[in-house]
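Me: Please take a close look at a single packing contact in this protein, and set it in the context of the whole.

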Amino acid sequence: MAGKRDRTERLGQLLVVAASAAQTLASERLEPLGLSPRAWGVLSTLVESGPLTQIELATATATDRTAMVYLLDELEDQGLVERVPNPDDRRSYLIHLTTHGKQTQRNTAAELAQQADTLLKPLDPAERRQLISLLTRIADHWDELSTGDAARPGTRPAQALEALQNLTTATEHADTPTRARMRRARPR
């Protein structure tokens with residue numbers, strides 16, 4: 001097994017290792033609560049952005065639209081979200097967090113913050129902020145490359161990288177660039 005000095009400098013491999021660690025730590029906290037990483041992503045996105053249409057939510061969480069239907073059905077069955085008719089478009093529904101959903105998201109965020117501390121222990125607070133800032137810039141750049149004519153079917157962020165972002169953002173309570181990006185991306 002490679003020691004710290006033998007660690008590769010290949011970016012992709014390092015991201016996969018970090019993302020895998022984040023996925024494992026997130027799953028350890030989410031599974032006992034009956035949540036998947038994708039379900040957690042939906043709850044957090046709704047807290048950050050407010051009510052969204054199903055399509056907006058699928059786009060914001062990089063989830064296939066069909067998979068989002070099933071995920072929302074599960075979350076609705078658990079009493080965490082509700083579909084409310086969209087006053088701006090009678091053909092769609094806005095997805096709202098229920099009171100139970102808001103409480104579950106708050107409790108889960110606290111649980112994941114502990115896991116984030118485990119993952120990011122080698123970094124001081126300034127390095128943590130820098131890591132989040134750099135990953136956000138990369139994600140924003142990828143979003144730009146993946147939209148419009150450059151979009152290709154199947155080009156979605158890996159679930160594991162999403163879990164890393166969820167773990168790192170769970171410790172942030174201020175208005176982060178990710179939240180600002182979500183507000184910019186939301187159609188008016």
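Reply: In the protein, 60% of the contacts (heavy atoms within 4.5 Å) with a separation of 6 or more are between residues 24 or more positions apart. This is a predicted model, in which local features need pLDDT of at least 70 and side-chain atom pairs count only at pLDDT 80 or more, whereas totals for chains, interfaces and linings use all residues. Residues are numbered from 1 along each chain as its sequence is written, and side-chain values use heavy atoms, with hydrogens and water left out.

The protein has eight helices and three strands, taken as DSSP runs of at least four residues (H or I) and at least two (E), respectively, and numbered from the N terminus. Their order from the N terminus is α-α-β-α-α-β-β-α-α-α-α.

For the close look, consider helix H2 (residues 37–49) and helix H4 (residues 65–77), which pack with their axes 11 Å apart and at an angle of about 80°; the axes are lines fitted to C-alpha atoms over the stretch in contact, and angles run from 0 to 180 degrees between N-to-C directions. H2 is therefore roughly perpendicular to H4, a term for angles of 65 to 115 degrees. On the H2 side, Arg 38, Ala 39 and Val 42 meet Met 68, Leu 71, Leu 72 and Leu 75 of H4. By class, this contact has six nonpolar residues, one charged and no polar, where Ala, Val, Leu, Ile, Met, Phe, Trp, Tyr, Cys and Pro count as nonpolar, Asp, Glu, Lys and Arg as charged, and the others, Gly among them, as polar.

Note on methods: Angles under 35 degrees count as roughly parallel, over 145 as roughly antiparallel, 65 to 115 as roughly perpendicular and the rest as oblique.
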